[in-house]
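Let's take a friendly walk through a protein chain. Have the sequence and the 3D view ready, and look for each part as it comes up.

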Amino acid sequence: MSRSRIADPQDQNWTAPESGAVLLRPHHVLCAIGWTGRGYSPAFSANMDAVVVGRLRADPDTPVAFTENADSLCAPCPHRRGHGCASAEKIADLDRNHAAALGIEPGARMSWAEARARAMRLRPDDLDRICARCQWLEYGMCKDALRRLRQK
Ligand code: SF4
């Protein structure tokens, strides 16, 4: 399996150090499923492609480790502030909703296949509740991606 280098704007390690697992905030499971190439900046999108397409979708056995802080997808985000986020309160709310919906405990580890299987138990309309404050919800790509995944 090839591993694309993850953007590292502050020369920090944005994978779980001891295992090389992809670090994910809980709400990023469904964001990764819904990723269609539309991001906050070219660097953000390139990193999403490297992590989501190059690792998670390329190899469902890829290990993921959950964090309450900035993760492998946040690394080059223009809204990241250190290990936090400029929209910290909204993001924490999304994480709480998604962690509860997916049954993810703080510090949990699993394969991407397991995380994706948990997401597949949700109905697309559940995103109206758990993603309520996200600016991307209205575009519909995340619901569409979950709908396609559940039909496989
Ligand atoms: S609507 Fe927002 S939080 Fe929900 S899956 Fe899509 S990008 Fe992620």
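## Two sides of helix 3

Let's begin with the outward side of helix 3. The face turned away from its buried side carries the exposed residues Glu89, Arg96 and Ala100. Keep in mind that the model is a predicted one.

Now turn to the other side. Which residues of helix 3 are buried? They are Ile91, Leu94, Asp95, His98, Ala99 and Leu102. These residues cover an arc of only 130° around the axis, so they sit on the same side of helix 3. A general rule helps here: an α-helix has 3.6 residues a turn, so residues three or four places apart point the same way.

## Length, cover and end of helix 3

How far should the 15 residues of helix 3 (residues 88–102) span? At 1.5 Å a residue, the expected span is 21 Å, and because the end C-alpha atoms are 21 Å apart, the two values agree. Just after helix 3 comes Gly103, which has a positive phi, near 65°.

The buried residues of helix 3 have a cover that includes helix 1, strand 4 (84–85), helix 4 and helix 5 (127–130).

## A closer look at His98

His98 is a good residue to zoom in on. It belongs to helix 3. Is His98 buried or exposed? Its relative accessibility is 2%, and buried means under 20%, so His98 counts as buried. Leaving aside residues up to four places away in sequence, His98 touches Pro26, His27, Leu30, Ile130 and Cys131.

## Helix 2 and its neighbours

Helix 2 (residues 42–57) has its own set of buried residues: Phe44, Ser45, Asn47, Met48, Ala50, Val51, Val52, Arg55 and Leu56. What do the buried residues of helix 2 pack against? Their partners are strand 1 (22–24), helix 1, strand 2 (63–66) and helix 4.

## Where helix 4 meets helix 6

Two packed helices are described by the angle between their axes and the distance between the axes. For helix 4 (residues 112–120) and helix 6 (residues 141–151), the angle is about 100° and the axes are 10 Å apart. Angles of 65 to 115 degrees count as roughly perpendicular, so helix 4 is roughly perpendicular to helix 6.

Helix 4 brings Arg116, Ala119 and Met120 to this contact, while helix 6 brings Leu146, Leu149 and Arg150. Sorted by class, the contact of helix 4 with helix 6 has four nonpolar residues, two charged residues and no polar ones.

## Two partly exposed residues

Cys31 lies in helix 1 (residues 28–34). With a relative accessibility of 26%, Cys31 counts as partly exposed. Follow the chain from Cys31 to Cys142 and you travel 111 residues in sequence, yet their C-alpha atoms are 6.9 Å apart in space.

Arg148 has its place in helix 6. Its relative accessibility is 48%, so Arg148 counts as partly exposed. Arg148 and Pro124 are 24 residues apart along the chain, and 9.8 Å separates their C-alpha atoms.

## Stepping back to the whole chain

How many helices and strands does the chain have? There are six helices and five strands. Along the sequence they follow the pattern β-α-α-β-β-β-α-β-α-α-α.

Of the 152 residues in the chain, 47% are buried. Take the contacts between residues at least 6 apart in sequence: 74% of them join residues at least 24 apart.

How values were computed
Residues are numbered from 1 along each chain as its sequence is written. This is a predicted model: local features need pLDDT of at least 70, side-chain atom pairs count only at pLDDT 80 or more; totals for chains, interfaces and linings use all residues. Side-chain values use heavy atoms; hydrogens and water are left out. Helices (H or I, at least four residues) and strands (E, at least two) are DSSP runs, numbered from the N terminus. Buried means under 20% relative accessible area, exposed over 50%, partly exposed in between (1.4 Å probe, protein chains only). Axes are lines fitted to C-alpha atoms, for helices over the stretch in contact, and angles run from 0 to 180 degrees between N-to-C directions. Angles under 35 degrees count as roughly parallel, over 145 as roughly antiparallel, 65 to 115 as roughly perpendicular and the rest as oblique. Contact means heavy atoms within 4.5 Å. Ala, Val, Leu, Ile, Met, Phe, Trp, Tyr, Cys and Pro count as nonpolar, Asp, Glu, Lys and Arg as charged, and the others, Gly among them, as polar. The expected span of a helix is 1.5 Å times one less than its number of residues. The arc is that of the directions from the helix axis to the C-beta atoms.
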